[in-house]
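User: I have a model open and want the reasoning behind its labels. Can we go through them one by one?

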Amino acid sequence: MSPDTKRVWRDIGMQLPFLAWLIVLWMLLWAQFTVLSFLTGLVVAIFVTRVFRLPTVELSGRVNLWYGALFVVQFLFAILRGALSVTAQVFDFRRQPGTAIVAVPLRYADDLVMTHVAVVSSLIPGSLVVEADRDRGILYLHVIGVRSKEDVEKQRQGVLGWEKRIVRALGNPTQYRALKSDERAGRIDPATIGGAR
């Protein structure tokens, strides 16, 4: 098998999860789980991936089930805590909740991890990613409930905490080793992985 053929098969293998997801979305969109909706979803998925071609995203190939389950629990708790915090700020008529744009330089992020961190940070009530500087690895978030520099730093550490959780659960081996090396060297505290946000 020639190198070009191997590359084509490798690209197809990497695109299969994305194609499957597009087919599932198509079937959910039409609320029909039939052979016909599957086939039309397949045609649409192939059309979309060929016409709007994006670079192939390489997954890390590493999933830690323990850290993944821990991440899900912490994420659900953070959503609940964020919703309660935003509700309390809305009904506190004595003062307006402070807002800020916070720049968070990520430490271990490639495109995939940066996307995960951005989505998680935006889904937690009280913060929203407004820009991502891919070249420098910086996320810019609009956050509410900020009244001091300490609050800004707490928000920044919270986002960095989510980055660490994601690297532990899904990061590639190089990212995971870099995180562990920083923990051993004392550059970050392994017990403290940021606030809820």
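Analyst: Start with the contacts. In this predicted model, 71% of the contacts with a separation of 6 or more join residues 24 or more positions apart.

User: What makes a pair of residues a contact here?

Analyst: Their heavy atoms lie within 4.5 Å.

User: Why is leucine 28 called partly exposed?

Analyst: Its relative accessibility is 48%. Buried means under 20% and exposed over 50%. Leucine 28 falls in between, so it counts as partly exposed. Leucine 28 sits in helix H1, residues 3-30.

User: What makes Leu28 eligible for a nonpolar surface patch?

Analyst: A patch residue needs over 30% relative accessible area and no salt bridge. At 48%, leucine 28 passes the area cut-off. The patch covers about 510 Å² and also includes Trp21, Val24, Leu25 and Phe33.

User: How do you know that E1 and E3 pair?

Analyst: Pairing takes at least two bridges. Seven bridges join E1 to E3 (residues 138-144), so the two strands pair. They run antiparallel. Valine 102 stands opposite leucine 141 in E3.

User: Which face of E1 holds Val102, covered or uncovered?

Analyst: The covered face, with Ala100 and Val104. Thr99, Ile101, Ala103 and Pro105 make up the uncovered one.

User: Where is confidence lowest and highest among the elements?

Analyst: H1 is lowest, at a mean pLDDT of 78, and E3 highest, at 94. The protein averages 84, and 89% of the residues score at least 70. Over residues 192-197, pLDDT stays under 50. The model still gives that stretch 29 contacts beyond four places in sequence.

How values were computed. Residues are numbered from 1 along each chain as its sequence is written. This is a predicted model: local features need pLDDT of at least 70, side-chain atom pairs count only at pLDDT 80 or more; totals for chains, interfaces and linings use all residues. Side-chain values use heavy atoms; hydrogens and water are left out. Buried means under 20% relative accessible area, exposed over 50%, partly exposed in between (1.4 Å probe, protein chains only). Helices (H or I, at least four residues) and strands (E, at least two) are DSSP runs, numbered from the N terminus. Patches are made of residues with over 30% relative accessible area and no salt bridge: like charges are joined within 9 Å, nonpolar side chains (Val, Leu, Ile, Met, Phe, Trp, Tyr) within 5 Å. Accessible areas come from the Shrake-Rupley method with a 1.4 Å probe; for residues, only the protein chains shown count as cover. A salt bridge is a side-chain nitrogen of Lys or Arg within 4 Å of a carboxyl oxygen of Asp or Glu. pLDDT is the predictor's confidence in each residue, from 0 to 100.
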